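Here are my notes on the structure you sent round. Please read them with the model open.

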Amino acid sequence: MSEIASLITKVRERQPLIHNITNNVVTNFTANGLLSLGVSPVMANAREEAADMASVADALVLNIGTLTTPQVEAMISAGKAANEKGIPVVFDPVGAGATPFRNKTALHILEQVNVSLIRGNAGEIAYLAGADAKVKGVDSSFQGNNQEIAIKAARQLGTAVVLTGEEDVITNGDSLYLGKNGHQLQTRVTGAGCLLSSVIAAFLTVKETELKAAAGAVSFYGAAAEIAADSSKGPGSFQTAFLDTIYHLNEKELQGKIKLSYFNHL
Ligand code: ATP
Ligand code: TZP
Ligand code: MG
Ligand code: MG
């Protein structure tokens with residue numbers, strides 16, 4: 001696990017610029033989370049500049065949490081610019097499976113943009129895999145086999161998939177990491193999933209395989225949540241402690257905390 005742990009040092013050394021077109025619930029938390037990590041966030045949603053910003057960024061995050069038609073146009077234009085430049089694109093299909101507009105938009109973005117990785121909860125990934133999704137607003141109540149659903153989505157969509165929950169499944173349809181870091185308090189802070197999508201984008205800039213980079217990001221993030229939860233009284237103090245731990249947690253401490261299993265040739 002030392003190779004996976006070393007990615008956090010590489011991310012901090014590289015200090016990538018992460019362009020986020022994200023929802024208006026989590027914008028501030030995402031920017032602060034990325035700054036705590038040691039990377040540069042920028043939010044640029046306007047159709048008029050989304051492509052220009054993507055073309056100077058090191059990675060792009062498309063998040064449909066509070067989508068509007070102009071914002072979707074901005075996402076597609078930024079996504080195409082990112083593809084032309086060859087930078088990673090992370091897609092967070094927030095609430096896919098919940099309404100026809102979200103469903104249609106999620107599939108449209110995946111048609112138009114070459115996405116490097118999709119990060120969602122079980123219900124969202126199940127919807128994209130064509131399974132019977134249960135998405136309550138933006139939260140999942142899907143009760144199926146998460147590993148099977150993630151593998152199916154990755155194979156069908158031809159992209160890496162990170163399905164998060166109590167256990168995290170990270171797969172490209174051929175091999176898989178199962179991650180067991182994390183804390184239940186993460187489900188009581190809005191944007192815990194959205195910030196993770198942006199943290200994964202930062203890790204994708206250090207030129208590892210998508211799977212290794214995502215495994216590094218997910219383990220780092222989950223380990224930070226565990227440490228933060230130890231000194232928290234509830235969701236309010238957890239949110240502050242989580243940002244502090246994202247700032248302080250280093251490669252050496254992380255190494256002893258990673259809970260990852262790897263499965264090859266699925
Ligand atoms: P949802 O909207 O369903 O809450 P989300 O998009 O916010 O989903 P999560 O699945 O909650 O995303 O994942 C965010 C982070 O929280 C991940 O790092 C994941 O490992 C962690 N996590 C989620 N649920 C739990 C849990 N019950 N126990 C431990 N960690 C969890
Ligand atoms: N409503 C629309 S987007 C959003 C809410 C509550 C934030 C979802 O964030 P996350 O990371 O999926 O919990
Ligand atoms: Mg959540
Ligand atoms: Mg989410």
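The points below take the sheet, then the helices, then the two ligand shells.

1. Status. This is a predicted model.

2. The sheet. Nine strands would be a mouthful to list in prose, so here is the order: S2-S1-S3-S4-S5-S8-S9-S10-S11. These 9 strands form an open sheet with mixed pairing. Its edges are strand S2 (40-43) and strand S11 (260-263), each of which pairs on one side only. On average, neighbouring strands are turned by 20 degrees against each other, direction ignored.

3. The S1/S2 pair. Strand S1 covers residues 17-21. S1 and S2 run in the parallel sense and share 4 bridges. One partnership to look up is that of His19, whose bridge partner in S2 is Val42.

4. Helices on the sheet. H2 packs on the sheet and touches S1 and S2. The direction of H2 makes about 160 degrees with that of S2. Helix H7 (residues 146-157) also packs on the sheet. The strands touched by H7 are strand S5 (117-121), strand S8 (160-164), strand S9 (168-171) and strand S10 (176-179). Against S8, the direction of H7 makes about 155 degrees.

5. H2 against H10. How do the axes of helix H2 (residues 27-37) and helix H10 (residues 235-248) cross? They come within 7 Å and cross at roughly 30 degrees. Angles under 35 degrees count as roughly parallel, so H2 is roughly parallel to H10. From H2, the contact uses Asn32, Gly33, Ser36 and Leu37. From H10, Leu243, Ile246 and Tyr247 meet them. By class, this contact has 4 nonpolar, 3 polar and no charged residues.

6. Ligand 1. The shell holds 19 residues. Asn121, Thr164, Gly182, Gln186 and Gly193 are the closest. Strand S7 (139-140), helix H8 (192-204) and helix H9 (210-230) each supply at least two shell residues. The class split is 5 nonpolar, 11 polar and 3 charged.

7. Ligand 2. Which residues are around ligand 2? They are Asn23, Val25, Val26, Gly65, Thr66, Val94, Val138, Thr190, Gly191, Ala192, Gly193 and Cys194. This shell divides into 6 nonpolar and 6 polar residues, with no charged ones.

8. A residue to check. Gly193 is among the closest residues to ligand 1, and Gly193 is also listed around ligand 2. Please look at both ligands when you inspect Gly193.

Conventions. Residues numbered from 1 in each chain as written. Chains lettered and ligands numbered in written order. Predicted model: local features only at pLDDT ≥ 70, side-chain atom pairs only at ≥ 80, totals over all residues. Near = placed C-beta within 6 Å. Nonpolar A, V, L, I, M, F, W, Y, C, P; charged D, E, K, R; others polar. Axes fitted to C-alpha atoms, helices over the stretch in contact; angles between N-to-C directions. Parallel < 35°, antiparallel > 145°, perpendicular 65-115°, else oblique. Contact = placed C-beta atoms within 7 Å. Pairing = 2+ DSSP bridges.
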